[in-house]
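Trainee: I would like a close look at one loop and its surroundings. Please start with where its proline sits, then work outwards through the neighbouring parts.

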Amino acid sequence: HKKAWTCRLSTTTQTGTAGDFWPAGDLYSSSNPGMYGVFGTDLHRWNESTDTWTDTTSNLTATPVNTGVAFKGTGTLKLFIPMGASGYATHTGAAFANVAASGSVPAAKAFSVFGNTSLICLDTVGQLWHSEDGTTWTSFSTDGKIDESLTANWIYEDRDAMGNPVLMVITTGGLFSFDPAGPTLYQQDLKLPNHSSQGKTACNWRGEQYIAAALNVFSYTGGNIGSMGLDRDDGLPFGLSARSSIVSLVSEFNGMYALVQGDPEGVVVADEYVYSSVHVWTGFGWHAIWESEQPTDVSRLYVSGVNGQNRLWWGGDHTAYTVDLPISLTNPVSIQGYSGSGYEADAYIETGLTDMGMPGSDKIAVSIGVRASSNNGVDVAYPVVKYRRSDSASWTSCLGPFNANGVALSSYLLEDTYYYWMDSGFEGVRFDEIELRVEWDNPAFIKWVALYF
């Protein structure tokens with residue numbers, strides 16, 4: 001089928017001082033505005049002009065447990081960074097402080113700005129707190145506390161059926177809404193088996209809520225619940241999925257991004273490792289953005305818009321990863337940077353195993369036809385086509401490309417159908433199931449691709 005081709009954006013890596021990287025958040029302050037991140041306990045500021053992290057020399061008393069949020073209210077504009085049992089850290093761009101947890105200060109697990117007038121904090125035992133100035137905290141007491149039989153992991157603002165702001169609390173047992181005016185907690189229709197891999201994160205994108213449950217994402221709107229992957233249909237390959245779970249969801253103009261924690265310790269099978277990854281939901285389907293090159297512990301996702309640059313950030317062990325995102329709505333046919341520099345230098349499509357609708361029957365694959373179109377008349381080399389007959393088999397390269405008359409082709413891609421042969425004898429290969437792989441150089445300029453069997 002003729003399908004639009006979406007080349008994935010390029011992921012670059014940045015390092016700071018020793019320590020795992022956590023995105024801290026954007027701070028639009030008059031003094032040292034920018035995107036802040038933490039390596040271990042060292043607070044850094046991102047320098048967009050030099051593409052480097054600068055150590056602020058300020059140190060947290062503990063590593064972060066989530067991304068931070070900026071809030072002013074009736075006080076001073078600060079970036080709030082949750083540190084769990086140790087409390088939280090604040091930074092104004094000029095002044096830094098560690099605020100220890102106490103009877104009047106929450107052991108901060110997550111923050112959310114609510115109604116543009118207050119900062120709500122979820123603490124480590126599921127208690128909700130609020131502050132209007134970012135300094136003085138008030139507990140919502142028992143009416144604003146998740147029962148400790150569940151673990152509350154994340155909070156975010158949404159709207160109720162009347163359009164009024166409501167706080168959503170995602171837990172290992174499902175979704176709750178919280179009305180601070182009550183204050184009252186309500187359990188929503190989306191309930192989950194109480195398990196540590198469930199309900200680690202959630203977000204709102206284009207007026208719909210998305211809640212992670214292990215490797216699945218549930219969509220939730222007005223009581224309507226839908227299951228949308230990443231474990232639907234064929235799901236992710238074993239090397240990305242076994243014992244994996246989604247630990248972070250964030251939204252931006254063109255998609256909702258999911259960060260998947262793999263199994264870096266080889267718990268599944270001895271000497272078998274499951275890698276971490278990032279994927280984006282575009283409203284039409286999931287697209288792979290990044291896979292770790294080795295077993296990696298990941299932190300959280302954060303979309304930064306400070307300094308006029310739209311970036312996606314996340315941490316993997318001691319490394320900060322970032323993707324330069326388009327600053328406006330885009331579509332697969334358009335290209336944001338005609339140099340293609342913002343995209344990966346090579347790419348591939350894997351079709352997944354298929355029995356061609358004839359299960360249990362021997363079949364013969366003789367050739368495959370490929371037809372593609374490039375953007376803006378850019379010269380693109382012909383692709384490499386490979387096949388395999390099981391998930392565990394290695395890929396075999398096909399011969400080609402040839403035109404319809406069997407003449408070998410070279411030079412650059414033409415908008416015509418060209419063919420690849422499965423074997424040198426032109427007799428074909430027998431198969432029950434077969435998977436195809438098409439590899440491209442300069443893939444950012446491919447507009448669409450069609451395969452003919």
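Trainee: In which loop is Pro183 found?

Mentor: Pro183 is in the loop that runs between β17 (174-179) and β18; strands (E, at least two residues) and helices (H or I, at least four) are DSSP runs, numbered from the N terminus. The model is predicted: local features need pLDDT of at least 70 and side-chain atom pairs count only at pLDDT 80 or more, while totals for chains, interfaces and linings use all residues. Residues are numbered from 1 along each chain as its sequence is written, and side-chain values use heavy atoms, with hydrogens and water left out.

The peptide bond leading into Pro183 from Gly182 is cis, with omega near -10°. Most residues other than glycine have a negative phi, and most peptide bonds are trans. A further cis peptide bond joins Gly229 to Leu230, with omega near 20°, and Leu230 sits in the loop between β22 (224-227) and α1 (238-241).

Leu230 leads on to His279, which has Leu230 among its contacts (heavy atoms within 4.5 Å). The other residues that His279 touches, leaving out those up to four places away in sequence, are Leu236, Met256, Tyr257, Ala258, Val260, Trp286, His287, Ala288 and Ile289. His279 belongs to strand β25 (residues 277-281), and it counts as buried because its relative accessibility is 3% (buried is under 20% relative accessible area, exposed over 50%, partly exposed in between, with a 1.4 Å probe and protein chains only).

On the other side of β18 (184-191), the loop that leads to β19 holds Ser197. With 17% relative accessibility, Ser197 is also classed as buried. Beyond its neighbours within four places in sequence, Ser197 contacts Ala213, Ala214 and Ser245. The loop after β19, between β19 and β20 (208-213), contains Arg206. Phi of Arg206 is positive, near 55°, and this residue is not a glycine; at 54% relative accessibility, Arg206 counts as exposed. Asn307 is another non-glycine residue with a positive phi, near 60°. Asn307 is located between β27 and β28 (311-316), in the loop there, and is partly exposed, its relative accessible area being 40%.

Before β17 in the numbering, strand β13 (residues 128-131) is covered on both faces: Leu128 and His130 are buried on one side, Trp129 and Ser131 on the other. In a regular strand the side chains alternate between the two faces of the sheet. β13 runs antiparallel to β12 (residues 118-123), with four bridges between them (two strands pair if DSSP finds at least two bridges). Trp129 of β13 is the bridge partner of Cys121. The hairpin of β12 and β13 has four residues between the strands, and Gly126 there has a positive phi near 85°. Two bridges also join β13 to β14 (residues 138-139), again antiparallel, with Trp129 opposite Ser139. In the hairpin of β13 and β14, six residues separate the strands and Gly134 has a positive phi near 80°.

Further along the chain, β32 (residues 367-374) is largely enclosed by the rest of the structure, because six of its eight residues are buried. β32 is antiparallel to β36 (residues 418-421) and joined to it by four bridges; in one of these pairings, Ser367 has Trp421 as its partner.
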